[in-house]
Amino acid sequence: MTIGTALFLLVNGLTNGAIYALLGLGIVLIYNVTRVINIAQGEFVMLGALTAVGLSTGRAAGGLTLAVLAGTAWALVALLGRRRWRWVWLPLAGGAGLWWLLGALPPWHLPPLPAALVAVAAVAFVGAALYRLTVQPVAGAGEVVFLIITTGLYLGLQGLGLLFWGPGSYSFPSVHAGNIHAGNVRVSYQSVLVLLATLLILALLWLFFERTLFGKALRAAAMNRAGARLVGISPSRAGLVAFAISAGLSAVAGVLIAPLTYATYDMGLSLGLKGFVGAVVGGLAGYPGAVLGGLAVGVLEAFAAYGTSAYGEAIVYGLIVPVLLLRVLAIRRRGVAP
Amino acid sequence: MRRTRVLIMGMLAAFALLFGAAYAQDIVIGAAIAQTGPASSLGSGEVDALKLFEQQVNQAGGIMGHNLKIVVLDTASDPSKAVLDVRKLVSENDALAVICCTTSPESLAVIDTLQRDRVPNISLAASASIVQPASDRHWVFKTPPLDSVMVTREVADMVAQGVKTVGFIGFNDAYGQGGLAELKKAAPAHGVDIVDTESFARSDTNLSSQASHLVNANPDAVLIWAIPPAGNVAQKAIQDAGYQGVIYQSYGMTNETFLRLGGASLNGTRLSVLPVIVYDKLPGSLPFASTVQDFVAQYQKVYGSAPSSFAGHAWDAGLILQAAAERVLASTSPGDKAAFRSALRDAIEGLHGFQAVDGTFNFSPDDHSGLGSSSAVMVTVHDGAYQLVR
């Protein structure tokens, strides 16, 4: 392997790793705040990518339909929870009206950037609504119940993806096609964009968690739920925000990765799993750990696929076993109860 | 009261039986096709062709007066789902024959079930191991040509292009490894060296690592053995890695998705394809040219676009089962399922010089594929269309 090849693989691995890092961040954020291990994390990537493609190519904007559906259900649940039966017609009429509007409007052909932004916002909203509809009603349940719920979410969202967009593959235009040549190493502009966007998001997240009251409240809810509650932080509101941010992060990942590959309704699972492996490698607790873990998984995957393409995937997924063993050993040595 | 009701029920049942015997029984064919999942872009054309075939046969009076009924189930491109589908088709729908499946892993997975239940199957997938060894594949036939036929045609073209070294990249499943095995036989025989082999999973979206390994080996030509969209991903990755040589694709790529996703970047790509892909350019000297053109005309009339080669495989499965059933119906009633299935199988094996869309089928007890090298046509891609080589 020449230096050039190694650098190429490194950049390539970092690009994919950045995507896994965004997913891992979302998984850790949700886990910290709500104790939910979100199997459906990758489906937010799929929704983000396909909604953006739909908005820019004039195909049925399934993501928006999903957002309308989820919003209607959310409003209904909120009303029924407060026993305000008289107002039930309001969200139903609103939802039906919006649905009609989506169908009646001429097909949209948004430029890539607005399409991406609308898609991310829609998916973040869907994430929040899904928290309200599926996780919050059983907030005190154990982790196994959450695991089953999110597995159901994964199956349901993938099914909806198939329903909305069909089994085809779609490409999304990159903001700027072509490659940068640095010596004999080629880097596509999209890769640079992926890395820059990830850095920007990390910076924004850092500001949010360190500098805003809401971010600090989220951190408090993650560290000590009971304590956070005592000082007036609503756990359900924290969970709602965690799901919205997490779904939005994954949608950003989807929009970023769509030009590098083809977007399909079943793209979510393998991305979500690799994000999960990254999060576990990083300890499933800290945000820097999740980012470094995701990057490590991406780089390892690139080199493993180069070295022995037949076992590339097996090596990535197999990584989780030694990492967990090492963690258990480390905990034992420190004498902390596992 | 109760007795009268039983009496009436009994009479109704007797009537139903009588009329059932008077009317010709349906010939039920089960089809397990990948309508969703990674292989869905192949399966959709197959289902369209089967629906059209069923309609055409029944409009023309059925198979010797018997109505043809094709029951289609979705395998979701999943081998275990395919096995369930086949079981359901055989036990619940009483299928007399099965058309299964779209992909090689699915087709291999259902062999045991079919052999045990003694139901003839026509597979629409590529791998040779679906019908070889013929002694263990008594009930299994297939319509797509063997990989060996298509690979040998491509290697012969490589030699004509002056290619001395070739790199291979393909699926890590039965389809990709089948192509590799045939390349390993055909390339040395033609004096071409295989300098690198890479594999990837059907669902992989990033193949840059494999591509740069291939490009570093610097072969004169690269052979990609995959289906869309993964085959497009592979070609894009190889071109992005700066590869300048000739790129060969497999005949598994020849549907609309391949050309639509690839666009102008596919110019100069070479592949051996089935006659149906270049139906409008076929010389009339080929004995099956009119069968191909007839099929394409009917398909286009209904669906408005030219059929994929996979649609052709499904059409051929229909043609073969129709021809075999016509022979069997003279002596066996479809009511006796076991006897009919067995006779149907023997009749398929006896088809010789049978002109269909994929070429001339010559089945025999040793050859359940039946297609010779006459069915492979070499083409290049130019501006989103295929051009005949030579």
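Two strands count as paired when DSSP finds at least two bridges between them. The exercises below apply this to a predicted model.

**Exercise 1.** Determine in which order the strands of the seven-stranded open sheet of chain B follow one another, and which of the strands stand at the edges.

*Solution.* Begin with the order, which reads 7-6-8-9-10-13-14 in chain B, with mixed pairing. Next look at the two ends: strand 7 (193-200) and strand 14 (385-388) of chain B each have a single partner strand, so one side of each is left without a neighbour in the sheet. Finally, consider the twist, for which neighbouring strands of this sheet are turned by 30 degrees against each other on average when direction is ignored.

**Exercise 2.** Describe how strand 6 and strand 7 of chain B pair, and identify the helices that pack on the sheet beside them.

*Solution.* Strand 6 (residues 165-171) of chain B runs parallel to strand 7 of chain B, and the two are joined over seven bridges. One of the residues involved is Phe171(B), whose bridge partner in strand 7 of chain B is Phe200(B). Turning to the helices, helix 8 (residues 208-217) of chain B packs on the sheet by touching strand 6, strand 7 and strand 8 (221-225) of chain B, and its direction makes about 175 degrees with that of strand 7 of chain B. Helix 9 (residues 230-240) of chain B also packs on the sheet, where it touches strand 6, strand 8 and strand 9 (246-249) of chain B, with a direction at about 155 degrees to that of strand 8 of chain B.

**Exercise 3.** Assess how compact chain B is for its 390 residues.

*Solution.* Start from the inventory of chain B, which comes to 13 helices and 14 strands. The radius of gyration of chain B is 23 Å, close to the 21 Å given by the globule rule for 390 residues, so chain B is as compact as a globular protein of that length. Then add the extent of its C-alpha trace, which spans about 85 × 45 × 40 Å along the principal axes, and the share of buried residues, which is 57% of the 390 in chain B.

**Exercise 4.** Work out which residues and elements chain A brings to its contact with chain B.

*Solution.* The contact takes 21 residues from chain A and 22 residues from chain B. On the side of chain A, helix 1 and helix 12 (287-307) are the elements that give two or more residues, and helix 1 of chain A gives the most, with five. By character, this side of chain A divides into ten nonpolar, nine polar and two charged residues.

Technical notes. Residues are numbered from 1 along each chain as its sequence is written. Chains are lettered from A and ligands numbered from 1 in the order in which they are written. This is a predicted model: local features need pLDDT of at least 70, side-chain atom pairs count only at pLDDT 80 or more; totals for chains, interfaces and linings use all residues. Two residues are in contact if their C-beta atoms, placed from the backbone, lie within 7 Å. Helices (H or I, at least four residues) and strands (E, at least two) are DSSP runs, numbered from the N terminus. Ala, Val, Leu, Ile, Met, Phe, Trp, Tyr, Cys and Pro count as nonpolar, Asp, Glu, Lys and Arg as charged, and the others, Gly among them, as polar. The radius of gyration is taken over C-alpha atoms; the globule rule is 2.2 Å times the number of residues to the power 0.38. A residue is buried if 20 or more other C-beta atoms lie within 10 Å of its own, exposed if 12 or fewer, and partly exposed in between; C-beta atoms are placed from the backbone. Axes are lines fitted to C-alpha atoms, for helices over the stretch in contact, and angles run from 0 to 180 degrees between N-to-C directions.
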